[in-house]
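Me: I have a structure open and want to learn how to read it. Can we go through it feature by feature?

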Amino acid sequence: MSRTKRITLGVTAGALALGAGLGVTGMASAATTPSPSATSSTSSDSSASTDGFRGHKGDRGQIAADLATKLGVDETKVRDAIQAFREANKPTTAPTEGTRPDRTAQDAAMAKSLATALDVDEAKVTAALTEIRTAEQAERAAALKTKLDTAVKAGTLTQAEADAVTKAVEKGVIGGGGH
């Protein structure tokens, strides 16, 4: 096989793996997104979350429920405090393409705001937010692994391609995986 043909096949295989990975990660997040429930936030601005938890478990109200449980506070108070934080920190301009807000600064600001509003120690709020984010990332990683394993078993992807997709998600190159 000529060198040009091998290079072309290699580039094509890489492009296919990346395309399949994007499709699989899109399917993974689409497949796990339930329809809105009565506990969802009434905010219509789902494109610009300022708390780093946009779409938490597919339900913006779920973060309030999880935080309320972890902090031992009424869920309605938590939901109201989150909504007040979002309103106070709503971006005035759209983010520049390819840039991301500083998640660490957002988390710190949210923890401080919630601690004040809920009269809870800031360190406790920070720990709860970290636990929730870690659990959410583990759920996404498990869902992606299941999808990729299924694709490998079906012959849609090779194991090497699945591993490449996993690595790309973990490094933040594609999808919303392991930030």
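**Reading the model**

Reply: Start with one residue. This is a predicted model. Asp-119 is exposed because its relative accessible area is 71%, and the cut-off for exposed is over 50%.

Me: Where does Asp-119 lie?

Reply: Asp-119 sits in the loop between H4 and H5. Now look across the chain. Val-73 is 46 residues away from Asp-119 in sequence, and their C-alpha atoms are separated by 9.5 Å.

Me: Next, the interior. Which residues have the most contacts inside the largest nonpolar core?

Reply: A core is made of buried nonpolar residues joined through their side chains. Here the largest one has 20 residues. Those with the most contacts inside it are Leu-67, Leu-71, Val-78, Ile-82, Leu-114, Leu-118 and Val-125. At least two core residues come from each of H2 (62-71), H3 (75-88), H4 (103-118) and H5 (122-154). There is also a second, separate core of nine residues, including Leu-148, Ala-151, Leu-157 and Val-165.

Me: How do I read a helix pair? At what angle do H5 and H6 pack?

Reply: Take the angle first, then the direction. H5 and H6 (residues 159-170) pack at about 160°, and their axes are 9 Å apart. Angles over 145 degrees count as roughly antiparallel, so H5 and H6 are roughly antiparallel to each other. Their crossing is right-handed.

Me: Which residues meet there?

Reply: From H5, Leu-144, Leu-148 and Val-152. From H6, they meet Gln-159, Ala-162, Val-165, Thr-166 and Val-169. By type, the contact has six nonpolar residues, two polar and no charged.

Terms used
Residues numbered from 1 in each chain as written. Predicted model: local features only at pLDDT ≥ 70, side-chain atom pairs only at ≥ 80, totals over all residues. Heavy atoms only, no water. Core = buried A, V, L, I, M, F, W, Y, C linked by side-chain atoms within 4.5 Å. Buried < 20%, exposed > 50% of the residue type's maximum accessible area, 1.4 Å probe, protein only. Helix = DSSP H or I, 4+ residues; strand = E, 2+ residues; numbered from the N terminus. Axes fitted to C-alpha atoms, helices over the stretch in contact; angles between N-to-C directions. Parallel < 35°, antiparallel > 145°, perpendicular 65-115°, else oblique. Left-handed = near helix turned anticlockwise from the far one by under 90°. Contact = heavy atoms within 4.5 Å. Nonpolar A, V, L, I, M, F, W, Y, C, P; charged D, E, K, R; others polar.
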